[in-house]
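User: I'm new to this one and keep tripping over the labels people attach to it. Can we go through what lies behind them?

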Amino acid sequence: MPRSNIFQTIVLVLFIGALVIAVLLFAGVIPGFRDTIGGKGGEIVIWGTAPSVSIETILDRVNGEYRNAFIFAYEAQNPDTYEQDLIEALAAGKGPDLFIMPQDFVVRHEDKIFAIPFDMLSERAFKDTFIQEGELYLSQNGIIALPLVVDPMIMYWNRNIFSQGGFPKPPSYWDEMLTLAPALSVRDSNKNIITSAIAFGEFANVVHAKDILSLLFLQAGEEVISRTQEGFSVTFGQRDATNQSPAESVVRFYTEFSDAAKTTYSWNRSLPSSRDMFVKEDLALYFGYGSERADIMAKNPHLNFDIAPVPQIRGNKTQVTFGRMQGIAIARNAKLVAEKDPEKIQIIVSAASALTDSSVAEAFGENISLAPARRDLLSKSKPDAVLPVVYQSALMARGWLDPNADRTYTIFKDMIENISSGRLSIGSAVVSAGEQVAAEVRQ
């Protein structure tokens, strides 16, 4: 073939190839200037504490669906330093666009968050979609975070101890403990506790003591802290119209089980931790989270136990437990927010919403052994014996706006130990705790 014909053929092939690529780019079949992977949203970075292996499979699926709008990139963080690392990164302008936000972050970090306006997602739609505990993420300015998952507190009970004591099932109401405690607790001749009915009354060796007190407070109508138009108001320890203090009533009930002079005496500070006692089959009732079940089984595969919702106050119309909730928050200085372009803001709100979509939220919950925070998912029937209890408890879950989780832990611990040691009366200890919580809110 003549040299000129070869040259013309090469030019023709290159031209046709360029034309095909141009058509594909224009049609969006392959990424290009018109329709790039990630679209106008680009890469959206998410921070959380769950291992990457638990999250990335889900995000791969989401990215496949939204690849023409945005792409998620997940960065797993150290749970022990997550809060401080997040604060420092956001302050330096190097933080994530979205981050997993526990409910305990609301009071301290609301100023670091872009609140989703109610004209983008209405308060009515939010309440219809998510569990009631999710309302901790509602403010006057909008939605602080979209609820993703919740770990509700449930009751673990030893079937052997109950059977040997002549009780076929665990308690449904707290007042039943006044009968169960003396019947199920076993003491030797020196009044040393061998088998305990319930690990109440102390703090240091009661796993989740603060959360147990929280669920009792919430059941009794004690919100601890509430949101007002002016900010946050501390209600802890206040008396109602009948001069009753729900907090005092709860603390009186809780500490009764560590009073050696009472027939309900079941616990003291010399015992091992409540979880260890339950695993060793020396504790009838353990109050923990739904996510703990697998770990308990692993530590003692022969433990004959079951789970049930936590007991309630007899006569209450609403069932309540405590839950640890996590949501998806948008950082105030996220790239798409900082540009102040309404279209870009809509993209990142849509991205956050995509993570709480029904199928995605369900997958998140399954991968990290937590319940989804969506009402529609929690109402689904489940064939096994475990999820119905966990899902029912998730619907019952409530929480409170904790100003500083570490400090309030110490405040509650001091309150209980001052009472159990006799240093303060119940009334004085509760009042002192309320004053300290109020001081934390003012900081």
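User: What makes Arg-124 count as exposed or buried?

Analyst: First, a heads-up: this is a predicted model, where local features need pLDDT of at least 70, side-chain atom pairs count only at pLDDT 80 or more, and totals for chains, interfaces and linings use all residues. Residues are numbered from 1 along each chain as its sequence is written, and side-chain values use heavy atoms, with hydrogens and water left out. Now, buried means under 20% relative accessible area, exposed over 50%, and partly exposed in between (1.4 Å probe, protein chains only). Arg-124 has a relative accessible area of 52%, so Arg-124 is exposed.

User: And what about Asp-128, which label does it get?

Analyst: Asp-128 comes out at 48%, so it's partly exposed.

User: Why are Asp-128 and Arg-124 called a salt bridge?

Analyst: The term needs a side-chain nitrogen of Lys or Arg within 4 Å of a carboxyl oxygen of Asp or Glu. Here the N to O distance is 3.1 Å, so the pair fits that definition. The two sit four residues apart in helix α5 (residues 123–129), so about one helical turn separates them. Helices here are DSSP runs of H or I with at least four residues, strands are E runs of at least two, and both are numbered from the N terminus.

User: How do you know that Asp-402 and Lys-210 form a salt bridge?

Analyst: Their side chains meet at 2.6 Å, N to O. This pair links distant parts of the chain, 192 residues apart: Asp-402 is in the loop between β15 and α17 (405–420), and Lys-210 is in helix α8 (residues 209–219). Asp-402 is at 2% relative accessibility, so it counts as buried, and Lys-210 is buried too, at 8%.

User: What is said about salt bridges for Arg-398?

Analyst: Arg-398 is buried yet has none, as Glu-133, the nearest side chain of opposite charge, is 7.0 Å away. For charge, Lys and Arg count as positive and Asp and Glu as negative, while His and the chain ends are not counted. Arg-398 lies in strand β15 (residues 397–398).

User: Why is α2 called roughly antiparallel to α14?

Analyst: Helix α2 (residues 52–66) and helix α14 (residues 358–367) pack at about 165 degrees, with axes 9 Å apart. That angle makes them roughly antiparallel, because the label covers angles over 145, while under 35 degrees is roughly parallel, 65 to 115 roughly perpendicular and the rest oblique.

Notes:
Axes fitted to C-alpha atoms, helices over the stretch in contact; angles between N-to-C directions.
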